[in-house]
Amino acid sequence: MLTPPWLTLVGVGEDGIDGLSAVARHRVQTAPYVIGGARHLEKCRSLLSGEAHVWPTPFADGVQQVVVRRGQPTVVLASGDPFFYGVGASLARFIPPSEMLSIPAPSSVSLACARLGWAQQNCRVLSVCGRPKELLLPFLQPAARLLVLCADETSPATVLAWLTERGFGTTRCYILEALGGEHEKITLSTAQEGPPAPVARLNMLALEVQADTLARTLPRVSGLPDSCFEHDGQLTKREIRAVTLSSLAPRAGELLWDVGGGAGSISIEWMLSDPMCQAIAIERVPERAARIGRNALALGVPGLQIAEGSAPEIFEKLAEPDAIFVGGGASKPNVLEAAWAALKPGGRMVVNAVVVETELRLFQAVQDWGGTLTRLNVARLETVGSLHGFRPGMSVTQWVAWKPYTL
């Protein structure tokens, strides 16, 4: 006989107990221990008969309070769907799903799409709750529909002002407040008009993206213009960068080491390829490391990790990579050996060389580990007096190798 779950997650909407199912009501009424946000507890107060606890700060303390009650009947009150930007996933890291029952209410996204007549599957959901607004940047595409979960009443003004600064001032913005409750309110404006004042603390934004001629909309393929990056000359140029990203073959959820990060262009575009991609830029020069951080924020991937230090010594401190790019320092003793040893089986390693010393090292790498060597040449049109001609840049020799799986 199966043991009933000891933990119940109850989603509470702005309509409070009126929106709860009979099962949810019964679980709350009979629970000896209930924990949730102060707002949720207040909405369910007429049902509570056991102990009521406000979720503490920091958030992790609340998770621990629930975990230590394992096996004892416990109810957690959460907003809407507990497994949508909610407490559910945090608890599931410590408690098997078989030990919990989740009873969700309609999420804020479900309610927003129902009010606006938008198809959920065609919307991108993002959050600025404890996250920088720059995360929106890769998704500011023409005619895109974005649903943005806001931290508080100040978020709409901050986001809309930022959109206007970046050339998205004509974007249609719906400010949705207290969805599902008696104080529900929906207001339409443009980013440049700003939100109405005041805005309720519980709110979200729905954006229909419109870009003017000054907007910087990021392309969805590799090879951003070099002008997108702040740099001191240490930059993998656009055409070579596009080929390099193709050789690295990013896949969702994978981790890249960008050795000799320079301006961070490779790791930034790796992360732009998919929201789940992660990267660590390894850079020994402090000024360049700081510059990488600025570029990452400006281009919408503030989650880029920066490891300040020298290769290969720093490798042992880093998480195991799925792919490695070496843009600098490949001729230094033991860098390639240590990188290859750290790479996961089935992972990719790409090294670009512009000097003969590094090319010789790559020729040896082919003998040791296999892979391919390719010579890349780019020439750009320049003026020659009153005429024009193509001036070649320095050749780049690229080594690409996939690490085999071992039995």
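**Exercise 1. Describe the surroundings of Glu99 in this predicted model, beginning with the residues that Glu99 touches.**

Solution. Leaving aside residues up to four places away in sequence, the contacts of Glu99 are with Pro5, Trp6, Leu7 and Arg70. The next step is to place Glu99 along the chain, where it belongs to the loop between H4 and strand S5 (100–103). The last step is to decide whether Glu99 is buried or exposed. A residue is called buried when its relative accessible area is under 20%, and Glu99 counts as buried because its relative accessibility is 18%.

**Exercise 2. Work out what surrounds the largest pocket, from its volume to the classes of its lining residues.**

Solution. The starting point is the volume, which is about 1,400 Å³ for the largest pocket. Its lining comprises 39 residues, and those closest to the centre are Arg39, His40, Ser79, Tyr85 and Leu202. Turning from residues to elements, two or more lining residues come from each of helix H2 (38–43), strand S4 (74–79), helix H4 (87–92), helix H5 (108–116) and strand S10 (203–208). Within that group S4 contributes the most, namely four residues. Finally, sorting the lining by class gives 22 nonpolar, 12 polar and five charged residues.

**Exercise 3. Carry out the analysis for the second largest pocket, and state which element gives the largest share of its lining.**

Solution. The second largest pocket holds about 1,100 Å³ of space. There are 49 residues in its lining, and Gln234, Leu235, Gly327, Gly328 and Val354 are the ones nearest the centre. The elements that supply two or more lining residues include helix H7 (238–248), helix H8 (265–272), strand S14 (323–326) and strand S15 (348–353). The largest share comes from S15, with three residues. By class, this lining is made up of 21 nonpolar, 18 polar and 10 charged residues.

**Exercise 4. Trace the open sheet of five strands, and find the helix that packs on it.**

Solution. Reading across the sheet, the order of the strands is S6-S7-S10-S8-S9, and the pairing is mixed. Its edges are strand S6 (124–127) and strand S9 (185–190), each of which pairs on one side only. From one strand to the next, the twist averages 20 degrees. For a closer look at one pair, take strand S8 (residues 172–177) and S10, which are antiparallel and joined over six bridges; here Glu177 has Asn203 in S10 as its bridge partner. The helix sought is H6 (residues 155–165), which touches S8, S9 and S10 and whose direction makes about 20 degrees with that of S10.

**Exercise 5. Trace the open sheet of seven strands, and describe how helices H9 and H10 lie against its strands.**

Solution. The strands follow the order S13-S12-S11-S14-S15-S19-S16, with mixed pairing. Strand S13 (305–308) and strand S16 (372–376) form the edges, each pairing on one side only, and the twist averages 15 degrees from one strand to the next. Inside the sheet, S14 and S15 pair in the parallel sense over four bridges, and the partner of Phe325 in S15 is Val350. As for the helices, H9 (residues 286–298) packs on the sheet by touching S12 and S13, and its direction makes about 180 degrees with that of S13. Helix H10 (residues 335–342) lies across S11, S14, S15 and strand S19 (396–402), and runs at about 160 degrees to S15.

Notes. Residues numbered from 1 in each chain as written. Predicted model: local features only at pLDDT ≥ 70, side-chain atom pairs only at ≥ 80, totals over all residues. Heavy atoms only, no water. 1 Å grid on protein atoms, 1.4 Å probe; cavity = no way out; pocket = protein on both sides within 12 Å on 5 of 7 lines; lining within 4 Å. Points joined across faces, edges and corners; volume = space filled by probe spheres on them. Nonpolar A, V, L, I, M, F, W, Y, C, P; charged D, E, K, R; others polar. Pairing = 2+ DSSP bridges. Axes fitted to C-alpha atoms, helices over the stretch in contact; angles between N-to-C directions. Contact = heavy atoms within 4.5 Å. Buried < 20%, exposed > 50% of the residue type's maximum accessible area, 1.4 Å probe, protein only.
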